[in-house]
Amino acid sequence: MKPIQIILHLNLRLTLAAVLLAGANLFAQDTTNVSAPSLFMTPDKTPPSPELLMWRKEFGATHEQRMQWWRAARFGMFIHWGVYSVPAGVWHGTNITSSGGEWIMNRGRIPVADYQAFTKQFNPTNFNAEQWVKIAKDAGMKYIVITAKHHDGFAMFHSQASAFNIYDATPWHRDPLAELAAACKQAGIKLGFYYSQAQDWNHSGGAAAGSKTGQLLIDKQNHWDAAQQGSMDDFIDKVDVPQIKELLSNYGPVAEFWFDTPVGMNAERAEKILPLLKLQPDTVVNNRLDSKKSTGDFQTPEQKIPPTGIPGKDWETCMTMNHTWGFRAYDHDWKSAETLVTNLVDIASKGGNYLLNVGPTSAGEIPEPSVERLQAVGAWMKINGEAIYDTTASPFAKQLPWGRCTKKVADDGTILCLHVFTGFWPKDGKLLVPGLRNKNTSAALLAGGKELQTSATAGGLVVAIPATAPDKISTTIVLKIKGALEIQQP
Ligand code: FHN
(Lines give C-alpha, C1' and ligand atoms only; values in the text may rest on other atoms or scores of the structure.)
Protein backbone atom coordinates (compact mmCIF):
# COMPACT_ATOMS: atom_id res chain seq x y z
CA MET A 1 0.00 0.00 0.00
CA LYS A 2 1.15 3.57 -0.75
CA PRO A 3 1.28 5.96 2.28
CA ILE A 4 -1.87 7.82 1.13
CA GLN A 5 -3.74 4.51 0.80
CA ILE A 6 -2.65 3.50 4.27
CA ILE A 7 -4.00 6.76 5.75
CA LEU A 8 -7.31 6.38 3.89
CA HIS A 9 -7.55 2.76 4.97
CA LEU A 10 -6.83 3.66 8.58
CA ASN A 11 -9.38 6.47 8.47
CA LEU A 12 -12.03 4.14 7.15
CA ARG A 13 -11.35 1.61 9.87
CA LEU A 14 -11.38 4.26 12.62
CA THR A 15 -14.65 5.68 11.28
CA LEU A 16 -16.18 2.22 11.19
CA ALA A 17 -14.98 1.56 14.72
CA ALA A 18 -16.46 4.87 15.91
CA VAL A 19 -19.82 4.19 14.23
CA LEU A 20 -20.02 0.73 15.74
CA LEU A 21 -18.89 1.96 19.14
CA ALA A 22 -21.71 4.50 19.21
CA GLY A 23 -24.39 1.86 18.83
CA ALA A 24 -22.66 -0.99 20.60
CA ASN A 25 -24.19 -2.78 23.54
CA LEU A 26 -20.95 -2.66 25.42
CA PHE A 27 -22.16 -4.59 28.40
CA ALA A 28 -23.58 -7.44 26.46
CA GLN A 29 -20.74 -9.91 26.35
CA ASP A 30 -19.12 -9.41 29.71
CA THR A 31 -21.08 -10.97 32.51
CA THR A 32 -18.70 -9.66 35.14
CA ASN A 33 -19.10 -6.13 36.48
CA VAL A 34 -17.59 -3.64 34.09
CA SER A 35 -16.34 -0.36 35.45
CA ALA A 36 -16.74 2.73 33.29
CA PRO A 37 -13.13 3.29 32.09
CA SER A 38 -12.88 -0.32 30.89
CA LEU A 39 -15.87 0.04 28.57
CA PHE A 40 -13.58 1.01 25.77
CA MET A 41 -10.98 -1.60 26.48
CA THR A 42 -10.72 -5.35 26.29
CA PRO A 43 -9.47 -7.04 29.50
CA ASP A 44 -5.85 -6.78 28.38
CA LYS A 45 -6.35 -2.96 28.09
CA THR A 46 -6.17 -2.79 24.29
CA PRO A 47 -9.02 -1.01 22.48
CA PRO A 48 -11.61 -3.49 21.18
CA SER A 49 -11.08 -4.63 17.62
CA PRO A 50 -13.59 -3.65 14.89
CA GLU A 51 -14.82 -7.22 14.67
CA LEU A 52 -15.41 -7.34 18.42
CA LEU A 53 -17.36 -4.09 18.22
CA MET A 54 -19.41 -5.49 15.36
CA TRP A 55 -20.05 -8.67 17.35
CA ARG A 56 -21.19 -6.73 20.39
CA LYS A 57 -23.43 -4.49 18.33
CA GLU A 58 -25.07 -7.26 16.33
CA PHE A 59 -25.16 -10.15 18.80
CA GLY A 60 -24.34 -8.83 22.28
CA ALA A 61 -27.89 -7.88 23.20
CA THR A 62 -29.28 -11.35 22.44
CA HIS A 63 -26.45 -13.34 24.06
CA GLU A 64 -28.31 -14.19 27.27
CA GLN A 65 -31.47 -15.27 25.52
CA ARG A 66 -29.63 -17.29 22.83
CA MET A 67 -27.52 -19.10 25.43
CA GLN A 68 -30.42 -20.36 27.53
CA TRP A 69 -30.94 -23.76 25.86
CA TRP A 70 -27.19 -24.25 25.59
CA ARG A 71 -26.55 -23.69 29.29
CA ALA A 72 -29.33 -26.13 30.15
CA ALA A 73 -28.03 -28.76 27.68
CA ARG A 74 -24.51 -29.25 29.10
CA PHE A 75 -23.72 -32.26 26.89
CA GLY A 76 -23.37 -32.50 23.10
CA MET A 77 -21.86 -34.67 20.39
CA PHE A 78 -19.10 -33.42 18.11
CA ILE A 79 -18.82 -35.29 14.81
CA HIS A 80 -15.66 -35.07 12.72
CA TRP A 81 -16.59 -36.73 9.47
CA GLY A 82 -15.06 -36.11 6.09
CA VAL A 83 -13.28 -37.65 3.11
CA TYR A 84 -10.23 -38.10 5.38
CA SER A 85 -12.06 -41.14 6.75
CA VAL A 86 -11.09 -42.90 3.49
CA PRO A 87 -7.29 -42.89 4.08
CA ALA A 88 -8.13 -43.32 7.80
CA GLY A 89 -4.67 -42.13 8.89
CA VAL A 90 -2.56 -43.98 6.32
CA TRP A 91 -0.80 -42.45 3.30
CA HIS A 92 1.36 -44.50 0.95
CA GLY A 93 1.52 -47.27 3.53
CA THR A 94 2.72 -44.98 6.32
CA ASN A 95 0.73 -44.22 9.45
CA ILE A 96 0.45 -40.44 9.67
CA THR A 97 0.24 -39.92 13.39
CA SER A 98 1.09 -36.25 13.80
CA SER A 99 -2.24 -34.46 14.50
CA GLY A 100 -5.61 -36.16 14.09
CA GLY A 101 -6.75 -38.22 11.12
CA GLU A 102 -8.51 -35.13 9.70
CA TRP A 103 -5.06 -33.52 9.24
CA ILE A 104 -3.70 -36.28 6.99
CA MET A 105 -3.65 -34.12 3.88
CA ASN A 106 -1.52 -31.50 5.60
CA ARG A 107 0.73 -33.78 7.62
CA GLY A 108 1.25 -36.16 4.71
CA ARG A 109 1.74 -33.24 2.26
CA ILE A 110 -0.77 -34.94 -0.01
CA PRO A 111 -1.11 -33.09 -3.31
CA VAL A 112 -4.54 -31.57 -3.98
CA ALA A 113 -5.30 -33.86 -6.94
CA ASP A 114 -4.36 -36.99 -4.98
CA TYR A 115 -6.46 -35.94 -2.03
CA GLN A 116 -9.43 -35.17 -4.29
CA ALA A 117 -9.15 -38.71 -5.67
CA PHE A 118 -10.22 -40.09 -2.27
CA THR A 119 -13.73 -38.84 -3.03
CA LYS A 120 -14.17 -41.68 -5.53
CA GLN A 121 -13.83 -44.19 -2.67
CA PHE A 122 -16.09 -42.30 -0.32
CA ASN A 123 -19.35 -44.22 -0.43
CA PRO A 124 -20.80 -44.30 3.09
CA THR A 125 -23.72 -46.57 2.31
CA ASN A 126 -24.14 -47.54 5.98
CA PHE A 127 -24.84 -43.95 7.01
CA ASN A 128 -28.11 -43.68 8.86
CA ALA A 129 -28.94 -40.27 10.23
CA GLU A 130 -31.66 -41.54 12.57
CA GLN A 131 -29.22 -44.04 14.05
CA TRP A 132 -26.55 -41.41 14.70
CA VAL A 133 -29.06 -39.10 16.31
CA LYS A 134 -30.36 -41.97 18.44
CA ILE A 135 -26.82 -42.76 19.62
CA ALA A 136 -26.42 -39.13 20.71
CA LYS A 137 -29.85 -38.93 22.30
CA ASP A 138 -29.48 -42.23 24.16
CA ALA A 139 -26.17 -40.96 25.55
CA GLY A 140 -28.04 -38.02 27.05
CA MET A 141 -26.64 -35.53 24.57
CA LYS A 142 -28.86 -32.58 23.72
CA TYR A 143 -27.12 -31.31 20.61
CA ILE A 144 -24.88 -32.36 17.75
CA VAL A 145 -22.20 -30.30 16.02
CA ILE A 146 -20.92 -31.81 12.77
CA THR A 147 -18.06 -30.76 10.51
CA ALA A 148 -19.75 -29.17 7.49
CA LYS A 149 -16.28 -28.39 6.11
CA HIS A 150 -12.98 -29.14 7.80
CA HIS A 151 -9.52 -27.81 6.90
CA ASP A 152 -9.34 -30.13 3.88
CA GLY A 153 -11.97 -27.94 2.22
CA PHE A 154 -14.36 -30.82 1.51
CA ALA A 155 -17.98 -29.80 2.01
CA MET A 156 -20.06 -32.48 3.68
CA PHE A 157 -23.18 -31.00 2.12
CA HIS A 158 -24.55 -30.24 -1.32
CA SER A 159 -22.88 -26.92 -1.96
CA GLN A 160 -23.40 -24.84 -5.08
CA ALA A 161 -20.27 -22.85 -4.28
CA SER A 162 -17.80 -25.70 -4.84
CA ALA A 163 -18.07 -29.07 -6.56
CA PHE A 164 -15.67 -30.45 -3.94
CA ASN A 165 -18.60 -31.66 -1.89
CA ILE A 166 -20.03 -35.00 -0.82
CA TYR A 167 -23.05 -34.81 -3.10
CA ASP A 168 -21.26 -33.89 -6.33
CA ALA A 169 -17.85 -35.50 -5.87
CA THR A 170 -18.66 -38.93 -4.45
CA PRO A 171 -20.51 -41.96 -5.82
CA TRP A 172 -22.89 -41.61 -2.87
CA HIS A 173 -24.73 -38.48 -4.11
CA ARG A 174 -26.43 -37.73 -0.83
CA ASP A 175 -26.44 -34.76 1.55
CA PRO A 176 -25.86 -36.08 5.09
CA LEU A 177 -26.44 -32.68 6.66
CA ALA A 178 -29.95 -32.52 5.20
CA GLU A 179 -30.62 -36.04 6.49
CA LEU A 180 -29.22 -35.22 9.92
CA ALA A 181 -31.25 -32.01 10.09
CA ALA A 182 -34.44 -34.01 9.45
CA ALA A 183 -33.49 -36.72 11.97
CA CYS A 184 -32.56 -34.16 14.63
CA LYS A 185 -35.85 -32.34 14.15
CA GLN A 186 -37.72 -35.62 14.52
CA ALA A 187 -35.82 -36.56 17.70
CA GLY A 188 -35.87 -33.10 19.29
CA ILE A 189 -32.08 -32.75 19.24
CA LYS A 190 -30.41 -29.52 18.22
CA LEU A 191 -28.01 -29.44 15.29
CA GLY A 192 -25.00 -27.22 14.75
CA PHE A 193 -22.26 -26.90 12.14
CA TYR A 194 -18.49 -26.75 12.39
CA TYR A 195 -16.98 -24.74 9.53
CA SER A 196 -13.28 -24.18 8.87
CA GLN A 197 -13.42 -20.61 7.63
CA ALA A 198 -9.69 -19.91 7.30
CA GLN A 199 -7.81 -23.12 6.69
CA ASP A 200 -8.80 -24.76 3.43
CA TRP A 201 -6.15 -26.88 1.74
CA ASN A 202 -8.13 -27.44 -1.44
CA HIS A 203 -9.51 -24.13 -2.61
CA SER A 204 -6.95 -21.63 -3.88
CA GLY A 205 -6.38 -18.85 -1.38
CA GLY A 206 -7.34 -20.95 1.63
CA ALA A 207 -4.97 -20.73 4.58
CA ALA A 208 -2.77 -23.53 5.86
CA ALA A 209 -1.31 -23.72 9.34
CA GLY A 210 1.31 -25.72 11.11
CA SER A 211 4.37 -26.08 8.92
CA LYS A 212 6.73 -28.80 10.02
CA THR A 213 10.42 -28.19 9.49
CA GLY A 214 12.02 -30.38 6.90
CA GLN A 215 8.80 -30.92 4.98
CA LEU A 216 8.23 -29.75 1.47
CA LEU A 217 6.67 -26.28 1.35
CA ILE A 218 6.40 -23.88 -1.56
CA ASP A 219 5.67 -20.60 0.21
CA LYS A 220 5.55 -18.87 3.56
CA GLN A 221 1.82 -19.57 3.82
CA ASN A 222 2.59 -23.22 4.50
CA HIS A 223 1.25 -24.41 1.14
CA TRP A 224 2.70 -27.52 -0.45
CA ASP A 225 0.87 -27.48 -3.76
CA ALA A 226 0.62 -24.59 -6.25
CA ALA A 227 -3.13 -25.27 -6.51
CA GLN A 228 -3.49 -23.94 -2.97
CA GLN A 229 -2.03 -20.53 -3.73
CA GLY A 230 -4.24 -17.52 -4.33
CA SER A 231 -5.97 -14.62 -2.67
CA MET A 232 -7.46 -15.39 0.73
CA ASP A 233 -9.92 -12.53 0.27
CA ASP A 234 -11.20 -14.07 -2.96
CA PHE A 235 -11.43 -17.43 -1.21
CA ILE A 236 -13.55 -15.92 1.53
CA ASP A 237 -15.81 -14.22 -1.04
CA LYS A 238 -16.18 -17.22 -3.33
CA VAL A 239 -16.17 -20.18 -0.97
CA ASP A 240 -16.77 -19.15 2.65
CA VAL A 241 -19.45 -16.54 2.21
CA PRO A 242 -21.70 -18.57 -0.13
CA GLN A 243 -21.17 -21.80 1.81
CA ILE A 244 -21.92 -20.24 5.17
CA LYS A 245 -25.04 -18.71 3.62
CA GLU A 246 -26.05 -22.16 2.38
CA LEU A 247 -25.51 -23.72 5.78
CA LEU A 248 -27.49 -21.02 7.52
CA SER A 249 -30.32 -21.03 4.95
CA ASN A 250 -30.92 -24.58 3.77
CA TYR A 251 -30.92 -26.80 6.85
CA GLY A 252 -33.54 -25.39 9.18
CA PRO A 253 -32.56 -24.10 12.61
CA VAL A 254 -28.81 -24.10 13.21
CA ALA A 255 -28.34 -24.18 16.96
CA GLU A 256 -24.57 -23.68 17.11
CA PHE A 257 -21.96 -22.43 14.64
CA TRP A 258 -18.41 -23.55 15.26
CA PHE A 259 -15.54 -21.75 13.52
CA ASP A 260 -11.98 -23.05 13.84
CA THR A 261 -8.29 -22.15 13.55
CA PRO A 262 -8.53 -18.47 12.52
CA VAL A 263 -5.23 -18.45 10.59
CA GLY A 264 -4.96 -15.19 8.65
CA MET A 265 -8.38 -13.95 9.78
CA ASN A 266 -7.89 -10.19 9.84
CA ALA A 267 -10.71 -7.80 10.73
CA GLU A 268 -11.90 -7.30 7.13
CA ARG A 269 -12.20 -11.05 6.63
CA ALA A 270 -14.00 -11.66 9.90
CA GLU A 271 -16.35 -8.79 9.13
CA LYS A 272 -17.39 -10.42 5.85
CA ILE A 273 -18.57 -13.46 7.75
CA LEU A 274 -20.03 -12.04 10.95
CA PRO A 275 -23.16 -10.43 9.43
CA LEU A 276 -24.11 -13.76 7.81
CA LEU A 277 -24.81 -15.16 11.25
CA LYS A 278 -27.87 -12.93 11.35
CA LEU A 279 -29.48 -15.45 9.00
CA GLN A 280 -29.99 -17.54 12.15
CA PRO A 281 -30.73 -15.03 14.89
CA ASP A 282 -30.92 -17.76 17.55
CA THR A 283 -27.66 -19.53 16.81
CA VAL A 284 -24.87 -19.55 19.38
CA VAL A 285 -21.35 -19.05 18.06
CA ASN A 286 -17.97 -20.16 19.36
CA ASN A 287 -14.98 -17.88 19.80
CA ARG A 288 -12.75 -18.99 16.91
CA LEU A 289 -13.86 -16.77 14.03
CA ASP A 290 -11.40 -13.92 14.43
CA SER A 291 -7.66 -14.07 14.95
CA LYS A 292 -7.87 -12.80 18.52
CA LYS A 293 -10.66 -15.22 19.42
CA SER A 294 -12.52 -12.22 20.79
CA THR A 295 -15.95 -12.60 19.20
CA GLY A 296 -18.55 -15.27 19.93
CA ASP A 297 -20.76 -16.49 22.74
CA PHE A 298 -18.50 -19.03 24.39
CA GLN A 299 -14.90 -20.10 24.92
CA THR A 300 -13.57 -23.39 23.58
CA PRO A 301 -10.99 -25.18 25.71
CA GLU A 302 -9.82 -28.17 23.69
CA GLN A 303 -8.90 -31.57 25.12
CA LYS A 304 -8.76 -30.06 28.60
CA ILE A 305 -10.99 -29.02 31.45
CA PRO A 306 -10.04 -25.66 32.96
CA PRO A 307 -9.13 -26.33 36.62
CA THR A 308 -11.54 -23.72 37.95
CA GLY A 309 -13.79 -23.29 34.92
CA ILE A 310 -13.77 -19.89 33.21
CA PRO A 311 -15.53 -17.63 35.71
CA GLY A 312 -17.84 -15.08 34.11
CA LYS A 313 -17.71 -16.77 30.69
CA ASP A 314 -19.60 -19.55 28.99
CA TRP A 315 -17.37 -22.37 27.79
CA GLU A 316 -17.50 -25.71 26.06
CA THR A 317 -14.72 -28.27 26.34
CA CYS A 318 -14.43 -30.33 23.18
CA MET A 319 -12.66 -33.65 23.55
CA THR A 320 -11.87 -36.83 21.66
CA MET A 321 -12.57 -40.32 23.00
CA ASN A 322 -9.28 -41.66 21.60
CA HIS A 323 -6.42 -39.59 20.10
CA THR A 324 -8.01 -38.32 16.92
CA TRP A 325 -11.00 -36.25 15.82
CA GLY A 326 -11.35 -37.78 12.34
CA PHE A 327 -11.37 -41.58 12.00
CA ARG A 328 -7.99 -43.31 12.15
CA ALA A 329 -8.09 -47.06 11.64
CA TYR A 330 -5.29 -47.84 14.10
CA ASP A 331 -6.23 -45.64 17.05
CA HIS A 332 -7.61 -48.04 19.66
CA ASP A 333 -6.68 -46.18 22.84
CA TRP A 334 -10.11 -45.22 24.15
CA LYS A 335 -11.05 -43.33 27.29
CA SER A 336 -13.15 -45.44 29.64
CA ALA A 337 -16.84 -44.74 30.22
CA GLU A 338 -15.87 -43.88 33.80
CA THR A 339 -13.49 -41.17 32.56
CA LEU A 340 -16.16 -39.77 30.24
CA VAL A 341 -18.79 -39.60 33.00
CA THR A 342 -16.30 -38.11 35.44
CA ASN A 343 -15.31 -35.50 32.85
CA LEU A 344 -18.94 -34.59 32.24
CA VAL A 345 -19.56 -34.18 35.96
CA ASP A 346 -16.35 -32.20 36.39
CA ILE A 347 -17.25 -29.87 33.51
CA ALA A 348 -20.83 -29.32 34.70
CA SER A 349 -19.54 -28.60 38.22
CA LYS A 350 -17.43 -25.81 36.72
CA GLY A 351 -20.28 -24.35 34.67
CA GLY A 352 -19.23 -25.64 31.24
CA ASN A 353 -20.52 -27.86 28.44
CA TYR A 354 -18.96 -31.10 27.20
CA LEU A 355 -18.79 -31.59 23.43
CA LEU A 356 -17.63 -35.16 23.05
CA ASN A 357 -16.32 -36.27 19.67
CA VAL A 358 -16.97 -39.26 17.46
CA GLY A 359 -15.11 -39.89 14.19
CA PRO A 360 -17.24 -42.00 11.84
CA THR A 361 -15.74 -44.31 9.22
CA SER A 362 -15.90 -43.90 5.45
CA ALA A 363 -18.67 -46.50 5.49
CA GLY A 364 -20.77 -44.08 7.52
CA GLU A 365 -20.53 -45.80 10.90
CA ILE A 366 -19.71 -44.42 14.32
CA PRO A 367 -16.95 -46.76 15.59
CA GLU A 368 -18.28 -49.46 17.91
CA PRO A 369 -15.95 -48.57 20.85
CA SER A 370 -17.46 -45.05 20.79
CA VAL A 371 -20.99 -46.42 20.66
CA GLU A 372 -20.35 -48.75 23.60
CA ARG A 373 -18.97 -45.92 25.72
CA LEU A 374 -21.80 -43.60 24.80
CA GLN A 375 -24.28 -46.28 25.82
CA ALA A 376 -22.61 -46.54 29.23
CA VAL A 377 -22.64 -42.75 29.63
CA GLY A 378 -26.32 -42.79 28.58
CA ALA A 379 -27.16 -45.41 31.22
CA TRP A 380 -25.59 -43.17 33.84
CA MET A 381 -27.32 -40.07 32.47
CA LYS A 382 -30.71 -41.77 32.54
CA ILE A 383 -30.44 -41.93 36.32
CA ASN A 384 -28.31 -38.88 37.02
CA GLY A 385 -29.09 -36.54 34.13
CA GLU A 386 -31.17 -34.18 36.21
CA ALA A 387 -28.05 -33.43 38.28
CA ILE A 388 -26.31 -32.30 35.07
CA TYR A 389 -28.92 -30.58 32.88
CA ASP A 390 -29.93 -27.08 33.81
CA THR A 391 -27.37 -26.88 36.59
CA THR A 392 -24.82 -24.21 37.34
CA ALA A 393 -21.33 -24.37 38.81
CA SER A 394 -20.49 -25.57 42.29
CA PRO A 395 -20.79 -22.89 44.97
CA PHE A 396 -17.79 -24.36 46.82
CA ALA A 397 -14.60 -22.41 46.22
CA LYS A 398 -12.39 -25.41 46.90
CA GLN A 399 -12.65 -28.73 45.12
CA LEU A 400 -14.55 -31.29 47.18
CA PRO A 401 -12.43 -34.22 48.41
CA TRP A 402 -14.91 -36.90 47.29
CA GLY A 403 -16.18 -35.54 43.96
CA ARG A 404 -18.05 -32.56 42.59
CA CYS A 405 -21.17 -30.47 43.12
CA THR A 406 -23.66 -28.92 40.72
CA LYS A 407 -26.34 -26.45 41.72
CA LYS A 408 -29.97 -25.81 40.89
CA VAL A 409 -32.35 -23.12 42.01
CA ALA A 410 -35.48 -24.22 43.90
CA ASP A 411 -38.55 -22.13 44.76
CA ASP A 412 -37.63 -22.00 48.42
CA GLY A 413 -33.85 -22.25 48.25
CA THR A 414 -31.18 -24.29 46.50
CA ILE A 415 -30.62 -27.86 45.42
CA LEU A 416 -27.05 -29.08 45.62
CA CYS A 417 -26.33 -32.23 43.63
CA LEU A 418 -23.42 -33.94 45.31
CA HIS A 419 -21.59 -36.20 42.87
CA VAL A 420 -19.61 -38.73 44.87
CA PHE A 421 -17.03 -40.55 42.75
CA THR A 422 -16.97 -44.24 43.58
CA GLY A 423 -13.20 -44.35 44.14
CA PHE A 424 -13.62 -41.62 46.80
CA TRP A 425 -16.73 -42.98 48.55
CA PRO A 426 -16.13 -42.39 52.30
CA LYS A 427 -15.68 -45.74 54.01
CA ASP A 428 -16.96 -44.52 57.41
CA GLY A 429 -20.46 -43.82 56.04
CA LYS A 430 -20.11 -40.07 56.61
CA LEU A 431 -19.99 -37.63 53.73
CA LEU A 432 -18.75 -34.27 54.93
CA VAL A 433 -19.89 -31.26 52.91
CA PRO A 434 -17.15 -28.89 54.03
CA GLY A 435 -18.19 -25.47 55.29
CA LEU A 436 -21.93 -25.93 54.66
CA ARG A 437 -23.66 -24.19 57.56
CA ASN A 438 -27.34 -24.53 56.55
CA LYS A 439 -29.49 -26.37 59.11
CA ASN A 440 -32.72 -26.67 57.16
CA THR A 441 -31.69 -29.43 54.80
CA SER A 442 -32.89 -32.78 53.50
CA ALA A 443 -30.85 -35.33 51.59
CA ALA A 444 -31.68 -38.32 49.41
CA LEU A 445 -30.03 -40.60 46.88
CA LEU A 446 -31.09 -39.50 43.40
CA ALA A 447 -31.35 -43.13 42.27
CA GLY A 448 -34.34 -44.62 44.08
CA GLY A 449 -34.96 -41.62 46.34
CA LYS A 450 -33.79 -43.20 49.65
CA GLU A 451 -33.67 -40.48 52.28
CA LEU A 452 -30.40 -39.86 54.12
CA GLN A 453 -29.87 -38.30 57.55
CA THR A 454 -27.96 -35.05 57.82
CA SER A 455 -26.26 -33.51 60.84
CA ALA A 456 -24.49 -30.23 61.44
CA THR A 457 -20.88 -30.49 62.63
CA ALA A 458 -18.05 -28.02 63.17
CA GLY A 459 -16.55 -28.93 59.81
CA GLY A 460 -19.82 -28.63 57.89
CA LEU A 461 -22.86 -30.74 57.10
CA VAL A 462 -22.49 -34.51 57.36
CA VAL A 463 -24.70 -36.79 55.28
CA ALA A 464 -25.08 -40.40 56.47
CA ILE A 465 -24.46 -42.56 53.42
CA PRO A 466 -24.66 -46.31 52.69
CA ALA A 467 -21.57 -48.39 53.40
CA THR A 468 -20.82 -48.96 49.72
CA ALA A 469 -21.33 -46.74 46.69
CA PRO A 470 -24.61 -47.56 44.91
CA ASP A 471 -23.24 -46.50 41.49
CA LYS A 472 -20.21 -48.01 39.76
CA ILE A 473 -18.96 -44.60 38.64
CA SER A 474 -20.54 -41.71 40.50
CA THR A 475 -23.49 -41.55 42.90
CA THR A 476 -25.65 -38.45 43.14
CA ILE A 477 -26.97 -37.22 46.47
CA VAL A 478 -29.59 -34.52 46.24
CA LEU A 479 -29.34 -32.01 49.05
CA LYS A 480 -32.31 -29.67 49.36
CA ILE A 481 -31.60 -26.49 51.25
CA LYS A 482 -34.26 -24.06 52.39
CA GLY A 483 -33.32 -20.39 52.44
CA ALA A 484 -30.10 -18.74 51.37
CA LEU A 485 -26.97 -20.87 51.04
CA GLU A 486 -24.56 -20.50 53.94
CA ILE A 487 -21.11 -21.71 53.02
CA GLN A 488 -18.02 -20.92 55.00
CA GLN A 489 -15.33 -20.95 52.34
CA PRO A 490 -11.83 -22.05 53.39
O1 FHN B 1 -7.32 -28.43 13.74
C2 FHN B 1 -8.54 -28.68 14.37
C3 FHN B 1 -8.72 -30.12 14.72
O4 FHN B 1 -8.61 -30.90 13.59
C5 FHN B 1 -10.10 -30.30 15.34
O6 FHN B 1 -11.11 -29.94 14.44
C7 FHN B 1 -10.19 -29.45 16.58
C8 FHN B 1 -11.52 -29.52 17.29
O9 FHN B 1 -11.60 -28.53 18.21
N10 FHN B 1 -9.95 -28.05 16.24
C11 FHN B 1 -8.70 -27.77 15.56
C12 FHN B 1 -7.56 -27.64 16.45
O13 FHN B 1 -7.77 -26.68 17.41
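The expected span of a helix is 1.5 Å times one less than its number of residues. Keep that rule handy for helix α12, which comes up below. What you have here is a predicted model, and this briefing looks at the ligand site, helix α12 and two buried loop residues, Gln280 and Phe127.

**The ligand and its shell**

- The ligand has 14 residues around it, and the ones that come nearest are His80, Glu102, His151, Asp260 and Glu302.
- Sorted by class, that shell is made up of six nonpolar, four polar and four charged residues.
- His151 puts a polar side-chain atom 2.7 Å from an oxygen atom of the ligand.
- For His150, an N or O atom of the side chain sits 2.8 Å from a ligand oxygen.
- Arg288 also reaches over with its side chain, where an N or O atom is 3.2 Å from an oxygen atom of the ligand.
- As for cover, the ligand taken alone exposes 320 Å², and the protein buries 89% of that.

**Helix α12**

- Helix α12 takes in residues 368-384, which makes 17 residues.
- Now for the rule from the top: at 1.5 Å a residue, α12 should span 24 Å, and its end C-alpha atoms are indeed 24 Å apart, so the two values agree.
- Plenty of names turn up on the buried list for α12: Ser370, Val371, Arg373, Leu374, Val377, Gly378, Trp380, Met381 and Asn384.
- Those buried α12 residues are covered by, among others, the strands β1 (75-79), β9 (353-358), β11 (413-421) and β17 (474-482).
- Helices join in as well, with α6 (129-138) and α11 (337-349) included in the cover over the buried residues of α12.

**Gln280, a loop residue**

- You'll find Gln280 in the loop that runs between α10 (267-273) and β7 (284-285).
- Gln280 has a relative accessible area of 12%, so it is buried, given that the cut-off for buried is under 20%.
- Setting aside neighbours within four places in sequence, Gln280 is in contact with Leu248, Gly252, Pro253 and Val254.

**Phe127, another loop residue**

- Phe127 sits in the loop between α5 (112-117) and α6.
- With a relative accessibility of 4%, Phe127 counts as buried too.
- Beyond neighbours within four places in sequence, Phe127 is in contact with three tryptophans, Trp81, Trp132 and Trp172, and also with Arg174, Pro176, Glu179, Leu180, Ala363 and Gly364.
- To get a feel for distance, take Phe127 and Ala464: they are 337 residues apart along the chain, and their C-alpha atoms are separated by 50 Å.

Conventions
Residues numbered from 1 in each chain as written. Predicted model: local features only at pLDDT ≥ 70, side-chain atom pairs only at ≥ 80, totals over all residues. Heavy atoms only, no water. Near = heavy atom within 4 Å. Polar contact = N/O pair within 3.5 Å; in protein donor to acceptor, adjacent residues only side chain to side chain. Areas by Shrake-Rupley, 256 points an atom, 1.4 Å probe, with all protein chains shown as cover. Nonpolar A, V, L, I, M, F, W, Y, C, P; charged D, E, K, R; others polar. Helix = DSSP H or I, 4+ residues; strand = E, 2+ residues; numbered from the N terminus. Buried < 20%, exposed > 50% of the residue type's maximum accessible area, 1.4 Å probe, protein only. Contact = heavy atoms within 4.5 Å.
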